[in-house]
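Welcome! Let us take a friendly look at the aromatic rings of this protein and at the charges that sit over them.

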Amino acid sequence: MLYKGKPVDLSPEQEEVATMYAMMKDTEYMEKKQFKENFMNDWRKILGKKHVIQDLELCDFGPIYDWYQNEKEKKKQMTTEEKKAAKEQKLKQEEKYMWAIVDGVKEKVGNFRVEPPGLFRGRGDHPKMGKLKKRIRPCDITINIGKGAPVPECPIAGESWKEIRHDNTVTWLAFWNDPINQKEFKYVFLAASSSLKGQSDKEKYEKARLLKVTN
């Protein structure tokens, strides 16, 4: 990218965040002052006080945007066979995280993917729009499994889960703090098609029916 018309060197982390911003070029967020201010405040923390980049308005993200567009075009140009192979490879990597054994029954897991880092958008003119959603790492995630059950393999070598719990009074399989609203949590549950989820919904329906009858 350019700053005051001159090329600027960025670290991988700094460049990653700059790319998140460059990708937003064609969106309405580029017209929102709050989005820009929040982005710059968080990016500045990664750039450091002594970095040459001090003013967002003097930044030219054009080179990064062009690279991003070229990458999108490459994906569009992939053959049907290449797309199929990429899809199969992704499925192979995710397969072991898609299932859980509950009371001896193989059940499908619901939302097992962690949202990648990016810039928060929110709805309407959200006051936190533009803030950086940091990368969630294994050390941020608490896992809930049965006693004696094997701990799920950590996907990143050299890292480990934040905590392993054995709580059979809850239905969540994992959770972590929301990167934007730290007081909120993101949970992983069994899929809606699972027998446990179906039983839970049935019990809720029955309770609601009884309440309606008594009223």
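A charge is said to sit over a ring if NZ of Lys or CZ of Arg is within 6 Å of the ring centre and within 35 degrees of the ring normal. In this predicted model, the charged end of K106 is placed in this way over the ring of W99, 4.7 Å from its centre. K32 likewise lies over the face of Y29, at 5.2 Å from the ring centre.

Rings also meet other rings here: the structure holds twelve aromatic pairs. Two of them are set out below.

| Pair | Arrangement | Centre to centre | Angle between the planes |
|---|---|---|---|
| Y21 and F35 | stacked | 6.4 Å | 25° |
| F175 and Y187 | tilted | 5.7 Å | 35° |

Where do the two partners of the Y21 and F35 pair lie? Y21 belongs to helix α1 (residues 12-22) and F35 to helix α2 (residues 33-47), so their pairing ties together parts that are 14 residues apart in sequence. Y21 is buried, with a relative accessible area of 6%, and F35 is buried too, at 0% relative accessibility.

The pair of F175 and Y187 links distant parts of the chain as well. F175 sits in strand β10 (residues 174-177) and Y187 in strand β11 (residues 185-188), twelve residues apart. Is each of these partners buried or partly exposed? F175 has a relative accessible area of 11% and is buried, whereas Y187 is partly exposed at 31%.

Finally, back to the helices: Y21 and F35 are members of one aromatic cluster, together with Y29, F39, W43 and F61. Y29 in this cluster is the ring with K32 over its face.

Methods: Residues numbered from 1 in each chain as written. Predicted model: local features only at pLDDT ≥ 70, side-chain atom pairs only at ≥ 80, totals over all residues. Heavy atoms only, no water. Phe/Tyr/Trp six-rings, centres within 6.5 Å; stacked < 30°, edge-to-face > 60°. Helix = DSSP H or I, 4+ residues; strand = E, 2+ residues; numbered from the N terminus. Buried < 20%, exposed > 50% of the residue type's maximum accessible area, 1.4 Å probe, protein only.
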